[in-house]
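Dear colleague,

Please find the structure below, together with its sequence. My notes on what was found in it follow directly after.

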Amino acid sequence: GLRHAAERFGKKKLITASVNINDAALAERTLDQAASASDLVIITADAFLKFLPEAVKKYPDCSFITVGCQESKLPQVKEIAFRDEEGGFLAGALAALITEKSSVKNINSEKIIGLITGKELESVKDFEKGYRAGAWYIDPEIKVLKESINSFSDASLAGKAAEKLHTLGADVIFSVAGVSQNGAAEVARDGGFWIIGADTELEEKYPESVLTSAVKRIDSLIYWILVQYVKGKIPVTDLSVGIKENCLDLSLWTRAAKLNIPVDIRQRVEAIADKLADGLIKIKAVESGSLR
């Protein structure tokens with residue numbers, strides 16, 4: 001998104017920085033350097049949030065926007081949140097449709113799907129809420145099993161969780177566990193069941209075991225923010241974005257997804273996405289296998 005904006009607005013000076021989120025000193029220094037040299041700083045990682053109060057105080061003429069982060073609770077910082085429950089809803093609907101499609105390989109006769117979560121952040125809870133709702137939207141009799149590994153970086157834990165869920169009957173498992181999901185995909189490849197990835201198109205790396213992925217189109221969002229910035233229209237209120245804004249989707253466009261998911265199911269999921277975008281489906285809390 002940043003590169004696209006730089007190509008369009010070549011005369012503007014656009015700066016990006018990457019940082020090891022486990023290095024607090026580097027994160028603090030990077031944020032300070034960005035704020036001192038910029039009119040606008042876009043933050044896409046929680047690692048920077050603890051240093052935001054000082055940066056806001058030190059650089060009052062710089063505008064700050066967080067994207068997909070936890071709440072900063074700073075009135076000077078505009079926050080853009082993803083409606084993660086919408087991505088979860090599509091993943092749940094897909095999982096339910098696949099687990100009932102006997103013609104798809106590696107599908108058993110049980111109406112059981114699984115969920116692996118990393119740390120219990122609000123965004124992860126939203127994914128879970130949407131996943132359960134999406135599955136039960138398709139079939140209220142679907143059973144959703146969950147394993148939490150409290151990590152976004154331990155692939156071995158995700159692999160063990162996936163193996164356990166599969167042993168309990170789940171043949172499609174949604175992994176919302178950061179890079180840990182690689183472990184789940186590897187176990188699924190060897191064990192003969194399916195994973196739905198999150199955040200990146202995991203199926204491109206594991207086409208034998210990953211159906212598709214719930215992805216955040218941060219590229220589209222960053223580009224939109226920078227277009228507004230160039231026009232002098234930086235967001236003045238907090239925003240939420242999702243399917244309607246083309247910022248959340250399942251990566252049904254990849255070659256692996258097209259090969260792994262039957263056409264009729266892809267079309268059904270796309271129709272559900274359209275209903276979510278049009279407000280015809282409202283995602284609420286779910287409990288005991290029924291919508292409410």
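**Strand E6 and its neighbours**

Strand E6 (residues 172-176) is mostly covered, five of its five residues being buried. The model is a predicted one, and the description below should be read with that in mind.

In a regular strand, side chains alternate between the two faces of the sheet. From E6, Val172, Phe174 and Val176 point one way, while Ile173 and Ser175 point the other way, and all are buried.

E6 has pairing partners that can be taken in turn. Strand E4 (residues 112-117) runs parallel to E6 and is joined to it by four bridges. Within this pairing, Thr117 has Val176 of E6 as its bridge partner. Strand E7 (residues 194-198) also pairs with E6 in the parallel sense, over three bridges, and here Val172 is partnered by Trp194 of E7. What do E6, helix H7 (residues 181-191) and E7 make together? They form a right-handed β-α-β unit.

**Helix H2 and the E1-H3-E2 unit**

Helix H2 covers residues 24-37. Its 14 residues should span 20 Å at 1.5 Å a residue, and its end C-alpha atoms are 20 Å apart, so the expected and the computed values agree. Which residues of H2 are buried? They are Ala27, Thr30, Leu31 and Ala35. These residues cover an arc of only 125° around the axis and therefore lie on the same side of H2. The elements against which the buried residues of H2 pack are strand E1 (40-43), helix H3 (52-58) and strand E2 (63-67).

Those three elements are themselves linked: E1, H3 and E2 make a right-handed β-α-β unit. Its strands, E1 and E2, pair in the parallel sense over four bridges, with Phe64 of E2 as the bridge partner of Val41.

**Helix H5**

Helix H5 (residues 122-138) has 17 residues and reaches 25 Å from its first C-alpha to its last, close to the 24 Å expected at 1.5 Å a residue. The buried residues of H5 include Val124, Phe127, Tyr131, Trp136 and Ile138. Glu128 and Arg132 are also among the buried residues of H5, as are Gly130, Ala133, Gly134 and Ala135.

**Arg266 in helix H10**

Arg266 lies in helix H10 (residues 263-277). Is Arg266 buried or exposed? With a relative accessible area of 14%, Arg266 is buried, because the cut-off for a buried residue is under 20%. Leaving aside neighbours within four places in sequence, Arg266 is in contact with Leu252, Ala257, Lys258 and Ile261. Pro235, by comparison, is 31 residues from Arg266 in sequence, and their C-alpha atoms are 35 Å apart in space.

**The chain as a whole**

The secondary structure of the chain comes to 10 helices and 12 strands. Along its principal axes, the C-alpha trace spans about 60 × 40 × 35 Å. For 292 residues, a compact globule would have a radius of gyration near 19 Å; the chain has 20 Å, which agrees. Of the 292 residues in the chain, 49% are buried. Where contacts join residues at least 6 apart in sequence, 64% of them join residues at least 24 apart.

With kind regards

Notes:
Residues are numbered from 1 along each chain as its sequence is written. This is a predicted model: local features need pLDDT of at least 70, side-chain atom pairs count only at pLDDT 80 or more; totals for chains, interfaces and linings use all residues. Side-chain values use heavy atoms; hydrogens and water are left out. Helices (H or I, at least four residues) and strands (E, at least two) are DSSP runs, numbered from the N terminus. The expected span of a helix is 1.5 Å times one less than its number of residues. Buried means under 20% relative accessible area, exposed over 50%, partly exposed in between (1.4 Å probe, protein chains only). The arc is that of the directions from the helix axis to the C-beta atoms. Contact means heavy atoms within 4.5 Å. Two strands pair if DSSP finds at least two bridges between them. A crossover is right-handed if, with the strands pointing away from the viewer, the path from the first strand over the helix to the second runs clockwise. The radius of gyration is taken over C-alpha atoms; the globule rule is 2.2 Å times the number of residues to the power 0.38.
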